[in-house]
Amino acid sequence: MTNLEFTPLVFGISAVAGCLGALTGLGGGVVVTPALTLLLGVDIRYAIGASLVSVIATSSGAAAAFVREGYSNIRIGMFLEIATTLGALFGAFLATRTPTSILSVIFGLVLLHAAWQSSRGRPHGEKTQQPDRLAQRFKLDGSYPSPEGPCKYKVGRVKAGFSLMFGAGTLSGLLGIGSGALKVIAMDQAMRVPFKVSTTTSNFMIGVTAAASAGIYLTRGYIEPGLAMPVMLGVLAGSIIGARQLIGARVRVLRLIFAGVVGVMAVEMIFTGVKGKL
Amino acid sequence: MTDQRLEAIISVLLRTGVLISAAVVLLGGSCFLLKHGHEQPEYHVFHGTPETYRSISSVIHSVGPSNCQDIIQFGLLLLILTPVARVAFSLAGFALEHDGTYVALTSIVLAILIYSLAGPH
């Protein structure tokens, strides 16, 4: 296959991944890497490098829209970014020392979780709140706009959220994904941040987390311009289309289709990893 | 300077960064396909990219009209630097708000990012 055939193919796959990622809220990065390695036989390290770059593009593009709506909390974001960027450095160093077969299996497990998360839809629970000393110390409590005027919220279990964020950063650096799902779990479930604030703040944080490991990927030679170019442009184009379609889309059906696709990829990644084919 | 004002400016910064880097990558990509369209890509074996693509200084120094991959890599570098610029900008914003705690926290994040991009690995 020549570049003239390969590049449009990668662009198309990335655009579909970006579109599905935006529609389901899981992000495009998590699908691009398995698609490139399983369908096109790309080495997982090049795929991870290209995917990570696309993650920065979609996060920064989408964050711009969310920030304008006044949902994201830049203090929570900045505070937790200490954990995610340290985790990302750690993850990126691990990635350079981990055999590709093990990377593939870990990737498969993360995909399985994503499939499960996607099929289940968003979780919702009653939020009871213990005051948290760290939340007050770091002024994490905030408010978001609602039809009835600004709605105030308090943040709890900051230590648990911080630890989870380190884990999210490590996975992001290890696999070249945004790990938005884990970031949302850390804020929404552990810290009891309102769901909308969690998702938008997570998106806001993804770019900074990814930039922390991108530096290491760049110096290690993982970011290959010929491959990263169609991946970045494709995922970006797809995610813009996906975000526009979001209103009025039959999200429930889409989620199930996405869960199915991701589930198959998960099994395939684990299988190839165990067999040592990658 | 309020948090809302800061967030509004940051959103413009992020969008501009992504648009400029996408335009540069597109330019380099078109040039790459024109020049190397009929070559076979070899991404199934990992060699690692050439040294000139591996650091900020070498990417900036080698960028020019002669090598299309250099232009792509320069665009990708701009993209990677966009979140770094947003953290640097937040730092300035928190300083204007006279918020010492967040100036300190943001400085830590910025230091980690600079270490990743410029540090010896």
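Between two axes, angles under 35 degrees count as roughly parallel, those over 145 as roughly antiparallel, those from 65 to 115 as roughly perpendicular, and the rest as oblique. The structure to which this scale is applied here is a predicted model, in which local features need pLDDT of at least 70 and side-chain atom pairs count only at pLDDT 80 or more, while totals for chains, interfaces and linings use all residues. Residues are numbered from 1 along each chain as its sequence is written, and chains are lettered from A and ligands numbered from 1 in the order in which they are written.

Consider a pair of helices from the two chains, helices and strands being DSSP runs numbered from the N terminus (H or I over at least four residues for a helix, E over at least two for a strand). The axes of helix α9 of chain A, residues 195–219, and helix α3 of chain B, residues 68–96, come within 8 Å and cross at roughly 120 degrees, where axes are lines fitted to C-alpha atoms, for helices over the stretch in contact, and angles run from 0 to 180 degrees between N-to-C directions. The two helices α9(A) and α3(B) are therefore oblique to each other. Their crossing is left-handed, that is, the near helix is turned anticlockwise from the far one by less than a right angle, whereas clockwise would make a crossing right-handed.

On the side of α9(A), the meeting residues are G207(A), V208(A), A211(A) and A214(A), and in α3(B) they are I80(B), P83(B), V84(B) and V87(B), contact requiring C-beta atoms, placed from the backbone, within 7 Å. Of the residues in this contact, seven are nonpolar, one is polar and none is charged (Ala, Val, Leu, Ile, Met, Phe, Trp, Tyr, Cys and Pro count as nonpolar, Asp, Glu, Lys and Arg as charged, and the others, Gly among them, as polar).

Chain B, which contributes α3(B), has four helices and zero strands. Its C-alpha atoms fill a box of roughly 55 × 30 × 25 Å along the principal axes. Among contacts in chain B with a separation of 6 or more, 63% join residues 24 or more positions apart.

Returning to chain A, two residues that are not glycines deserve a look at their backbone. K139(A), in the loop between α6 (133–137) and β1 (142–146), has a positive phi of about 50 degrees. R192(A), in the loop between α8 (180–190) and α9, has a positive phi of about 60 degrees. Most residues other than glycine have a negative phi.

Key
Contact = placed C-beta atoms within 7 Å.
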